[in-house]
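Dear colleague,

I am passing on the structure below, and my notes on it follow. Please read them with the model open beside you.

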Amino acid sequence: MNVLLIGSGGREHALAWKVSQSPLLSTLYAAPGNPGIAEHASLVGVDINDHENVVSFCKETDIGLVIVGPEAPLVAGLADALNAADVKVFGPTAAAARLEGSKGFTKDLCAEYDIPTAAYGRFNNAPKAKAYVRQVGAPVVIKADGIAAGKGVVVAMTLAEALDAVDACFEGAFGSAGAEVVVEEFLDGEEVSFFCLCDGKLAVPFGTAQDHKRVGDGDTGPNTGGMGAYSPASIMTADITPRVMRDIIEPTMRGMAEKGCPFTGVLYAGLMLTKDGPKLIEYNARFGDPECQVLMMRLADDVLPILDAAANGDLDGFSPRWLSDKAITIVMAADGYPDSPLKGTIIRGIAAAELQPHVKVFHAGTALEGADIIANGGRVLNVTATGGTVRQAQERAYAGVDEIDW
């Protein structure tokens with residue numbers, strides 16, 4: 001099977017690494033890819049924003065499956081264009097991707113189908129949003145409605161911080177994503193990432209992780225797209241998973257089908273485990289980044305037939321198997337991230353890092369400049385390791401970090 005992978009980040013490098021191990025694979029192509037992905041795939045100059053261009057490439061190269069990594073092409077309707085051309089794609093339609101593309105849509109779905117989540121209000125102007133904030137008080141959560149690369153959420157511990165966050169959204173801090181704002185009740189508990197593979201009818205659990213979003217040591221500073229993650233999440237105990245499936249995932253799948261937009265692909269639920277049970281924080285319509293990296297390191301099965309079955313609408317009978325080892329990934333980010341990351345700096349020592357036991361370095365924001373690997377983004381490398389315990393995996397990952405000269 002020829003496969004086209006869409007994307008250029010650490011998540012896509014992890015997918016390329018895992019897909020490339022499949023005996024079902026003939027040729028793996030990636031667009032636009034990165035230097036790490038190039039170790040496993042042929043990089044092609046396909047404009048992923050030009051859907052006709054993507055479809056033409058798929059026809060010319062007999063692509064059997066397109067795997068869409070990031071959320072933006074899904075929200076923009078790439079899966080719709082591929083479906084219309086009879087090209088099989090792993091990823092939801094634009095209508096289904098609204099679960100990530102519009103936080104307001106998801107909150108309204110939760111209200112309609114009695115899915116446990118935080119109380120909320122949604123607003124298209126600052127005065128009304130601020131009035132609601134003053135009414136509910138702090139702490140409170142302010143979210144840009146659209147996709148903002150994981151940065152459009154402010155957990156405001158004071159009223160002043162909340163009001164500033166509302167202003168930032170409507171003044172363009174997150175571009176068009178902030179044209180509407182969702183104000184949510186602050187949920188007290190521990191957060192966990194729960195993944196399902198979905199075929200439009202059936203959702204199959206696909207692992208857990210915990211990521212850490214604040215940029216600074218000790219869980220300080222602004223939220224980012226994620227500074228690291230580990231899997232599995234020990235707090236997601238065996239008794240919680242069936243409850244999440246029954247109360248959150250299955251009503252979502254049913255609701256999306258009833259609305260005429262059945263969900264196919266990865267349904268990534270950000271959950272808060274509260275004293276009243278698990279509640280949905282938000283959905284993503286793709287693998288998490290950096291959670292995908294630790295999931296791929298732990299997956300015992302060939303990933304390609306599972307993704308293919310989801311795209312075929314036939315996940316019945318699939319139950320993914322996992323290694324007993326734990327996995328952890330550490331994000332190495334550029335100076336100035338998340339505000340103004342410094343690009344162009346040379347990175348050395350990646351090969352030396354991968355000589356450490358059980359360590360794999362996934363490229364996120366890298367590029368080639370001559371023979372040099374350089375930083376070309378905010379989150380640049382994901383140093384990932386496995387171990388018998390989280391502590392052992394962590395020690396191995398940091399041993400890998402220590403080998404990198406950047």
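**Helix α9 and its surroundings**

Among the elements that cover the buried residues of α9 are α5 (98-101), α6, β10 (190-199), β11 (203-211), β15 (264-274) and β16 (277-284). This is a predicted model, in which local features need pLDDT of at least 70 and side-chain atom pairs count only at pLDDT 80 or more, while totals for chains, interfaces and linings use all residues. Residues are numbered from 1 along each chain as its sequence is written, and side-chain values use heavy atoms, with hydrogens and water left out.

Helices (H or I, at least four residues) and strands (E, at least two) are DSSP runs, numbered from the N terminus. Buried means under 20% relative accessible area, with a 1.4 Å probe and protein chains only. The buried residues of α9 include Ile-240, Val-244, Met-245 and Pro-251. Helix α9 (residues 240-258) bends by about 35° at Arg-246, the bend being the angle between axes fitted to the seven residues ending there and the seven starting there. After α9 comes Gly-260, with a positive phi near 80°.

Helix α6 (residues 103-112), one of the elements covering α9, has 7 of its 10 residues buried, so it is largely enclosed by the rest of the structure. Phe-105, Leu-109 and Cys-110 are among those buried residues, and just after α6, Asp-114 takes a positive phi of about 55°.

Elsewhere, 5 strands form an open sheet with parallel pairing, in the order β3-β2-β1-β4-β5, where two strands pair if DSSP finds at least two bridges between them. Strands β3 (42-43) and β5 (89-90) stand at the edges with a single partner strand each, so one side of each has no neighbour in the sheet.

Best regards

How values were computed
Buried < 20%, exposed > 50% of the residue type's maximum accessible area, 1.4 Å probe, protein only. Contact = heavy atoms within 4.5 Å.
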